[in-house]
Amino acid sequence: MAVFTADAGSRAAAVLPEMQQLLRLIDQGGSLLQARELATVDTVGGPLPVIGLTLGNPDPAVPALGFIGGVHGLERIGAQVVLAYLGSLVRRLRWDLSLHQQLESLRLVFLPVVNPGACWRDRARIRAAST
C-alpha cells in the first residue's frame, strides 16, 4: 500500500469529476485524514489510482466502518453519497470536539471510487455516444 501522491490523483482528476472532489477533500482534511493509493487500474486513457482514506484511530483493535462507492461506472450516486458524507466530516473536524472524541474510539474507512476503470470506461462510452 503506497502513500497517496498528488501526481497519481491529478491524472485521475483530469478524467473523473469524483476524483477532483476527492483531491479537494484530501487537501481540506490535512493531517487528520490519511490517504493511500491502494492499487492502480490500467485503462486505455492511462492508469487510475484507487484511493483509500482513513479517519480516526489507526489501532487495528478499534472498530472500523467502511464507506464504499464508485463500484459501477454508470451509477455515480454511490460515489457522490460517500464523498458528500466525507466532506461533511472534514468540515466538522474544524470545530466539532465531540467528533474528535468519537474518532478516538473508532476508525472510518472511505473508498469513494473503488472501481475508477469502470467509471472512466462508462463515461467515455457516454461521451462517444453523444457526439
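**Exercise 1.** Find which residue of β5 G66 stands opposite, then work out how β5 is paired and how enclosed it is.

*Solution.* Start at G66, which stands opposite V109 in β5. This is a predicted model, in which local features need pLDDT of at least 70, side-chain atom pairs count only at pLDDT 80 or more, and totals for chains, interfaces and linings use all residues. Residues are numbered from 1 along each chain as its sequence is written, and side-chain values use heavy atoms, with hydrogens and water left out.

Next, step out to the strands (DSSP runs of E, at least two residues, numbered from the N terminus). Strand β4 (residues 64-68) pairs with β5 in the parallel sense over five bridges; pairing requires that DSSP finds at least two bridges between two strands.

Now look at β3 (residues 46-56), which pairs with β5 in the antiparallel sense over four bridges. Here G56 stands opposite R107 in β5.

Finally, check burial (under 20% relative accessible area; exposed is over 50%, partly exposed in between; 1.4 Å probe, protein chains only). Four of the five residues of β5 (residues 107-111) are buried, so this strand is largely enclosed by the rest of the structure.

**Exercise 2.** Locate the salt bridge of R76 and say whether its partner E18 is buried or exposed.

*Solution.* Apply the rule first: a side-chain nitrogen of Lys or Arg lies within 4 Å of a carboxyl oxygen of Asp or Glu. R76 and E18 meet this way at 2.9 Å, N to O. The pair links distant parts of the chain, 58 residues apart. E18 is buried at 4% relative accessible area, while R76 is partly exposed at 35%.
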